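Colleague: Could you take a close look at one part of this model for me, the charged pairs, and then tell me what sits around them? I'd like one connected answer.

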Amino acid sequence: MEEKLCLNCGEPVGSGRKDKKYCSEACKTDYNNNNKGEGNAPEMSLGKYMKRVQQILVKNREILNQCLGDKETISMDKQDLDGRGFTFKYFTSRTRTKKTGEIYCFNFELGYKEMEDERVIIVRREREIVT
């Protein structure tokens with residue numbers, strides 16, 4: 001089951017009601033105080049923003065890893081990946097293949113390519129660090 005994250009700080013909300021949105025009363029108050037007036041979501045601090053994006057990237061990688069298992073490549077419905085909580089907006093890099101010029105989006109060493117038929121191809125590459 002997908003772990004719900006606090007709307008204010010991005011931390012897990014923990015156990016409780018199914019519709020729980022905040023990890024604590026303090027976060028609920030902070031979120032609501034920052035959200036008064038213009039009806040816009042409060043601007044997250046840079047530290048909280050970076051932490052939240054990192055959480056999304058790690059979660060995306062875990063989902064790709066679960067889908068791949070011990071295989072090097074698989075094909076699956078994009079809707080299935082989305083249903084597992086995958087966030088397509090966030091990835092760590094993009095790579096264009098030399099042969100066909102197709103673009104793969106990667107979450108660390110695990111990547112995917114969206115197909116026209118609403119499927120995705122998921123691949124694994126060697127881990128590398130570019131300095």
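Modeller: Let's start with R127, which is exposed because its relative accessibility of 67% is over the 50% cut-off. Bear in mind that this is a predicted model. R127 makes a salt bridge to E109, with 3.5 Å between the closest N and O atoms. R127 belongs to the segment after strand 5 and E109 to the loop between strand 3 and strand 4, so the bridge ties together parts 18 residues apart in sequence. The partner, E109, counts as buried, since its relative accessibility is 7% and the cut-off is under 20%. So this bridge runs from an exposed arginine to a buried glutamate. R61 comes in here too: R61, E109 and R127 are linked in a network of salt bridges.

The structure holds 8 salt bridges, and a couple of others are worth a look. R119 pairs with D77, their closest N and O atoms being 2.7 Å apart. That pair links distant parts of the chain, with R119 in strand 5 and D77 in strand 1, 42 residues apart. Here R119 is partly exposed at 26% relative accessibility, and D77 is partly exposed as well, at 41%.

Then there's E102 with K113, whose side chains meet in a salt bridge at 2.7 Å, N to O. E102 sits in the loop between strand 2 (93–96) and strand 3 (103–107), while K113 is in strand 4, so parts 11 residues apart in sequence get tied together. E102 is partly exposed at 32% relative accessibility, but K113 is buried, with a relative accessible area of 7%.

Now for the nonpolar side of things. The largest nonpolar core has 14 residues, and L64, C67, M76, L81, F86, Y112 and I122 are the ones touching the most other members. Helix 2 (46–68), strand 1 (73–77), strand 4 (110–114) and strand 5 (119–124) each give two or more residues to this core. Helix 2 provides the largest share, 4 residues. Strands 1 and 5 should sound familiar: they hold D77 and R119.

If you want one residue to centre your view on, try L81. Leaving aside residues up to four places away in sequence, L81 touches I63, L64, C67, M76, F86, F88, V120 and I122. Apart from this core lies another, of 6 residues, including C6, C9, Y22 and Y31.

How values were computed: Residues are numbered from 1 along each chain as its sequence is written. This is a predicted model: local features need pLDDT of at least 70, side-chain atom pairs count only at pLDDT 80 or more; totals for chains, interfaces and linings use all residues. Side-chain values use heavy atoms; hydrogens and water are left out. A nonpolar core is a set of buried Ala, Val, Leu, Ile, Met, Phe, Trp, Tyr and Cys residues joined through side-chain atoms within 4.5 Å. Buried means under 20% relative accessible area, exposed over 50%, partly exposed in between (1.4 Å probe, protein chains only). Contact means heavy atoms within 4.5 Å. A salt bridge is a side-chain nitrogen of Lys or Arg within 4 Å of a carboxyl oxygen of Asp or Glu.
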